[in-house]
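Please work through the exercises below with the structure in view. Each task is followed by a solution in steps.

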Amino acid sequence: MAKKEKEVKTNAMRILDREKIPYEHFSYEAGDFVDGIQTADKLGLPHELVYKTLVTVGNDRNHYVFVLPIEKELDFKKCAKSVGVKNVEMIHVKELFGLTGYMRGGCTSIGMKKQFVTRIDASAEPLEQIYVSAGKIGAQIKLSPKDLVKVTRAEFADLVQS
């Protein structure tokens, strides 16, 4: 008998299910690394609604997670101020999987190995829905930014370069 193919859930999707947070899942064909702009284009999504997740380390040696629009760049001073440290810098890509459990191009703030202080760019706050990685390359989820705040214990903050 042929087995019925079932939807493969990521850890992030299982957490949203467990927390009873509504979301919509989108899949796309992808090789290795794809950036957020490529992802948005593959899915035909408006760039201003697609957000990327970046992981930094502060001068206090703690790690901080920032979620921002795919076409924007972090303002490191604003980010550091938002988490109460002197400065932050990007972690090396080689550290990402061991630290978060996610690969480059499939990193999401939901369900990392450890709960890190997380900030979501203030541009997401008035939006009804945003798209973020579902935790693996080739998978995106659409959810309310307020639900993303709830599940990641994040706060909104001004994070991007003007």
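The exercises that follow concern a predicted model and treat its confidence, a sheet and two cysteines.

**Exercise 1.** Determine how confident the prediction is along the chain.

*Solution.* Begin with the whole chain: the average pLDDT is 93, and 94% of the residues score at least 70. Next, examine residues 1-5, where the pLDDT is below 50. Apart from near neighbours in sequence, this stretch makes zero contacts in the model.

**Exercise 2.** Establish the strand order of the open sheet of three strands, and explain why strand 1 and strand 6 each have a side without a neighbour.

*Solution.* First, read the order, which is 1-7-6, with antiparallel pairing. Secondly, locate the edges: strand 1 (24-27) and strand 6 (130-133) stand there. Each of these has a single partner strand, so one side of each lacks a neighbour in the sheet. From one strand to the next, the twist averages 30°.

Thirdly, consider one pairing in detail. Strand 1 joins strand 7 (residues 139-143) over four bridges in the antiparallel sense. Opposite histidine 25 stands isoleucine 141 of strand 7.

**Exercise 3.** Decide whether cysteine 79 and cysteine 107 are buried or exposed, and how many disulfides the structure holds.

*Solution.* A search of the whole structure finds zero disulfides. For cysteine 79, the nearest cysteine sulfur belongs to cysteine 107 and is 15 Å away, whereas a disulfide requires sulfur atoms within 2.5 Å. Turning to accessibility, buried means under 20% relative accessible area. Cysteine 79 has 0% relative accessibility and therefore counts as buried. Cysteine 107, at 8%, also counts as buried.

Notes
Residues numbered from 1 in each chain as written. Predicted model: local features only at pLDDT ≥ 70, side-chain atom pairs only at ≥ 80, totals over all residues. Heavy atoms only, no water. pLDDT = per-residue confidence, 0-100. Contact = heavy atoms within 4.5 Å. Pairing = 2+ DSSP bridges. Helix = DSSP H or I, 4+ residues; strand = E, 2+ residues; numbered from the N terminus. Axes fitted to C-alpha atoms, helices over the stretch in contact; angles between N-to-C directions. Buried < 20%, exposed > 50% of the residue type's maximum accessible area, 1.4 Å probe, protein only.
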